[in-house]
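Let's take a walk through this structure, from the inside out. Keep the viewer open and follow along.

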Amino acid sequence: MGKLDNRTAIVTGSGRGIGRAIALKFAAEGASVVVNDLDPGPAKETVEEIVAAGGKAVASIGSVTEEGFADRFVATAVDTFGGLDIIVNNAGFTWDNVIQKMTDEQWDTILDLHLKAPFQILRAAQPYIKANPTDYHRKVVNISSNAGVVGNAGQSNYAAAKAGIIGLTKTLAREWGRYRVNVNAVAYGLINTRLTEASADGNATIDVEGREIKVGVNPQLLAAAERSIPLGRAGRPDEAAGAVFALCLPETDYVSGQCLVCDGGSR
């Protein structure tokens, strides 16, 4: 018996990294999962891995910021698996600059991705949640960051979005408590993913809808950051997923409106 048997989860950005680890963990514990990624390949690979292990999953390809995506994403869960019980707003990337060099495009892109898209997905889910009450608690986990808790130089757009998602979380916890829905956030510190493992001294980039976004962390800054973490290292995607999983268990049914910091003890 899995701890998430008979639950249906939707997880944005779950073709790679932390999102993928969340989707695999949910599926291993019995949930049916709608996997999302901007690119078809990673999403299909995650779905295939889940299905090969005996789980249930389907892909919903596309950008979370595209018009109509939120309704389509929610409908995929309801139409394919007959319900919607867990929502994880995880998709994202960073596009950094100091404020005097940051363009409106950089600002709008990151706010749309990390704050507006989760808002739209939650808004799209509300009619179904209201119309289909349950005798168990549904769960929402919005992914934030230490940048949204304490700020981070060069990330005014990202920090503002991640602070905003905490505000959205706390507000939805008050609005949706009557529907027996727990709404929480997880704020990550340094987690090893493709966005952090590349060196900022190199030419590593990711392609996001035609934009070449530089990724990576200065090696000296990365080493200093790891030394400052009480546990002495960056986190792994599966450990990051564990924090989300904990907030989706019945054992946390009386936890709502909170932001769980997952950073190895840095804050």
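Before we begin, a word on labels: helices (H or I, at least four residues) and strands (E, at least two) are DSSP runs, numbered from the N terminus. With that in hand, asparagine 6 is easy to place: it sits in the segment before E1. Keep in mind that this is a predicted model.

Asparagine 6 has something odd about its backbone, with a positive phi of about 65 degrees even though it is not a glycine. Its relative accessible area is 69%, so asparagine 6 counts as exposed. Arginine 180 is another non-glycine with a positive phi, here about 60 degrees. You'll find arginine 180 in the loop between H6 and E6, and with a relative accessible area of 36% it is partly exposed. A glycine with a positive phi turns up too: glycine 82, just after H3, has a phi of about 80 degrees.

Now for the inside. As general background, nonpolar side chains in soluble globular proteins tend to be buried together. Here, the largest nonpolar core has 39 residues, and the members touching the most others are Ile10, Leu84, Ile87, Phe93 and Trp176. At least two residues of this core come from each of helix H3 (69-81), helix H4 (104-131), helix H6 (156-176), strand E6 (181-188) and strand E7 (205-208). H4 is the top contributor, giving 9 residues to the core. Another core lies apart from this one, with 32 residues that include Ala27, Ile50, Ala57 and Phe245.

Phe93 is a good place to zoom in. Which residues does phenylalanine 93 contact, once neighbours within four places in sequence are left aside? The list runs Thr109, Ile110, Leu113, His114, Tyr158, Leu195, Ile206, Val208 and Ile213. One of those contacts, Leu195, also gives us a distance to look at: from lysine 116 to leucine 195 it is 22 Å, C-alpha to C-alpha, with their positions 79 residues apart in sequence. Lysine 116 itself belongs to helix H4, and it is partly exposed because its relative accessibility is 42%.

Back to H3, which deserves a look of its own. Its 13 residues reach 18 Å from the first C-alpha to the last, close to the 18 Å expected at 1.5 Å a residue. Which residues of H3 are buried? They are Phe69, Ala70, Phe73, Val74, Thr76 and Ala77. The spacing of such a set makes sense if you recall that an α-helix has 3.6 residues a turn, so residues three or four places apart point the same way. What do the buried residues of H3 pack against? Their partners are strand E1 (8-11), strand E2 (32-37), strand E3 (56-61) and H4.

Next come the charges. Side chains of opposite charge can pair when their charged atoms come close. The structure has 10 salt bridges. One of them joins aspartate 37 to arginine 16, with the closest N and O atoms 3.0 Å apart. This pair ties together distant parts of the chain, 21 residues apart: aspartate 37 is in strand E2, while arginine 16 is in the loop between E1 and helix H1 (17-28). Is aspartate 37 buried or exposed? It counts as buried, because its relative accessibility is 6%. Arginine 16, at 26%, counts as partly exposed.

Glutamate 49 and arginine 20 make another salt bridge, their closest N and O atoms being 2.4 Å apart. Here too the link is between distant parts of the chain, with glutamate 49 in helix H2 (residues 40-52) and arginine 20 in helix H1, 29 residues apart. Glutamate 49 has 37% relative accessibility, so it is partly exposed; arginine 20 is also partly exposed, at 29%.

Further along, look for a network of salt bridges linking Arg233, Arg236, Asp238 and Glu239. Within it, glutamate 239 pairs with arginine 236, the closest N and O atoms being 3.2 Å apart. Glutamate 239 is partly exposed, with a relative accessible area of 28%, and arginine 236 is partly exposed as well, at 40%.

Let's finish on the surface. Val149, Val150 and Val261 form a nonpolar patch there, with about 210 Å² of accessible area together. Valine 149 is placed in helix H5 (residues 146-150), and because its relative accessibility is 41%, it counts as partly exposed.

Notes: Residues numbered from 1 in each chain as written. Predicted model: local features only at pLDDT ≥ 70, side-chain atom pairs only at ≥ 80, totals over all residues. Heavy atoms only, no water. Patch = residues over 30% accessible without salt bridge, like charges linked within 9 Å, V, L, I, M, F, W, Y side chains within 5 Å. Areas by Shrake-Rupley, 256 points an atom, 1.4 Å probe, with all protein chains shown as cover. Salt bridge = Lys/Arg side-chain N within 4 Å of Asp/Glu carboxyl O. Buried < 20%, exposed > 50% of the residue type's maximum accessible area, 1.4 Å probe, protein only. Core = buried A, V, L, I, M, F, W, Y, C linked by side-chain atoms within 4.5 Å. Contact = heavy atoms within 4.5 Å. Expected span 1.5 Å × (residues − 1).
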